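Notebook open, coffee poured. I wanted to go through this fold piece by piece and jot down what I looked up.

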Amino acid sequence: MPEPRHRIVHVDLDAFYASVEQRDNPELRGKPVAVGGSRERGVVAAASYEARRFGVYSAMPSVTARRKCPELIFVKPRFDVYREVSRQIREIFYEYTPLVEPLSLDEAYLDVTENLKGIPYATQVAREVRTRIWEETQLTASAGISFNKFLAKMASDRNKPNGQFVITPAMAPAFVESLAVGKFHGIGPATARKMNELGILTGLDLKAQSLSFLQDRFGKAGTHYYWIARAVDHRPVQPDRIRKSVGAENTFEKDLMGFEEMKAALQPIIDKVWRHCEQTGVRGRTVTLKVKFSDFQQITRSRTLTGFVESRSGLEQPSVDLLKMLFPLDKSVRLLGVSLSALNTDDESESPQLSLEL
């Protein structure tokens, strides 16, 4: 007997941080708004839909955003407010299902196969949830509905903002085949470029590749690409996601050039990571140094130790060693980060790597 299909909803708040600011300040409504720092070192954390029309988007340097949209209004982020609104929205989710997997403050997966209200259709659950969010927070949300997480995530982008879209089992193959690989959730720009160079432009092209071909060229991720090209994703909605890494980073007011000043700049970053380890009991074996240069090129260097890092100095030493190996440098550095992975909380399951804020 075939396994019953799941009903998965992916809920995504529309331009969340910017929408909260426009909600709380009527003077910002209908205007291009960027949440983030307006200074030269600033980065856009979120952009309103009015700003997006000018090509402004999250993670863009503020100087670039202002050049694209001279009328852009910068607002300082209020993460305490965003966290409280996010908590309020999650309480709505939990009224429908205990199977809620938050991805960030503004999005989550819900498995509503057997929902608490006995609603037979996932589309109806999504519509009710979005209505409740609007009534209780005056914020709009979009939703994607399908029989697995990958397709639900892809569907939530289709009718943004303030809409929803369903991908049925009958629709799924054609939907995936027609999609450009760069639009696949989980395929970033670098991987999409590599695929394009191999002649893989669409989901149909990806589906035409053998499992061994994709594994040879993309490693373990190749297995994932092989299956999502066939609209197959067996990952369950995980209410208690396991942290796969802990880390911290800092963007500097002025670019750094010398080893000693970078070593000094690493200290508060290491402090923050180790403080989290001490508070939670988390330990890890792989130390990763992240470096972003003045031209925005980004690299990482890692070292996996034989045992878990058990002290602050045990974290500092490999971090500094990894930094030292980069010298001499021919360009300055604007950001440094340190993270710890291969944690003692890891299990053997194929749970995805998480990007985490301390």
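Below are my entries on domains, strands and aromatic rings, in that order.

**Domains**

I'm working from a predicted model, so I kept that in mind throughout. I started with how the chain is divided, and I got four domains: domain 1 covers 8-14 + 80-166, domain 2 covers 16-78, domain 3 covers 171-229 and domain 4 covers 245-343. I also looked up the spacing between domain 1 and domain 4, and their centres are 36 Å apart over C-alpha atoms.

**Strand β6 and its partners**

Next I picked strand β6, residues 107-111. Is β6 enclosed or open to the outside? Five of its five residues are buried, so I noted β6 as largely enclosed by the rest of the structure. I then checked which way the side chains go. Glu 107, Tyr 109 and Asp 111 point one way, Ala 108 and Leu 110 point the other way, and all are buried. That fits the textbook picture, in which side chains of a regular strand alternate between the two faces of the sheet.

Which strands pair with β6? I found β1 (residues 8-13), antiparallel over five bridges, and β5 (residues 100-104), also antiparallel, over four bridges. On the β1 pairing, I saw Val 9 standing opposite Leu 110 of β6. On the β5 pairing, I saw Glu 101 with Tyr 109 of β6 as its bridge partner. The link from β5 to β6 is a hairpin through two residues.

**The three-stranded sheet**

I moved on to an open sheet with three strands in the order β3-β2-β4 and mixed pairing. Why do I call β3 (44-47) and β4 (73-75) edge strands? Each has a single partner strand, so one side of each is left without a neighbour in the sheet. I also looked up the twist: neighbouring strands here are turned by 30 degrees against each other on average, ignoring direction.

For the parallel part, I noted that β2 (residues 33-36) pairs with β4 over three bridges. Val 33 stands opposite Ile 73 of β4 there. Helix α1 (residues 16-24) lies across β2, β3 and β4, and I get about 110 degrees between α1 and β2.

**Aromatic rings**

How many aromatic pairs does the structure hold? I have ten in my notes. One of them is Phe 150 with Phe 184, a tilted pair at 5.6 Å centre to centre with 45 degrees between the planes. I checked where the two residues sit: Phe 150 is in helix α6 (residues 149-156), and Phe 184 is in the loop between α7 (172-178) and α8 (189-197), so the pair links distant parts of the chain, 34 residues apart. Phe 150 is buried, at 1% relative accessible area, and Phe 184 is buried too, at 2%.

Then I looked at Phe 259 and Phe 327. Their ring centres are 5.6 Å apart and their planes are at 85 degrees, so I logged the pair as edge-to-face. This pair also links distant parts of the chain, 68 residues apart, with Phe 259 in helix α12 (residues 259-280) and Phe 327 in the loop between α13 (312-324) and β12 (333-343). Phe 259 counts as buried at 19% relative accessibility, whereas Phe 327 is partly exposed at 25%.

I also found one aromatic cluster made up of Phe 16, Tyr 17, Phe 79 and Tyr 82.

**Charges over rings**

Last entry. I noted Arg 158 over the face of Phe 165, at 5.1 Å from the ring centre. I also noted Lys 331 over the face of Phe 293, at 4.9 Å from the ring centre.

Definitions and conventions: Residues numbered from 1 in each chain as written. Predicted model: local features only at pLDDT ≥ 70, side-chain atom pairs only at ≥ 80, totals over all residues. Heavy atoms only, no water. Phe/Tyr/Trp six-rings, centres within 6.5 Å; stacked < 30°, edge-to-face > 60°. Buried < 20%, exposed > 50% of the residue type's maximum accessible area, 1.4 Å probe, protein only. Lys NZ or Arg CZ within 6 Å of the ring centre and 35° of its normal. Domains from an automatic or database assignment. Pairing = 2+ DSSP bridges. Axes fitted to C-alpha atoms, helices over the stretch in contact; angles between N-to-C directions. Contact = heavy atoms within 4.5 Å.
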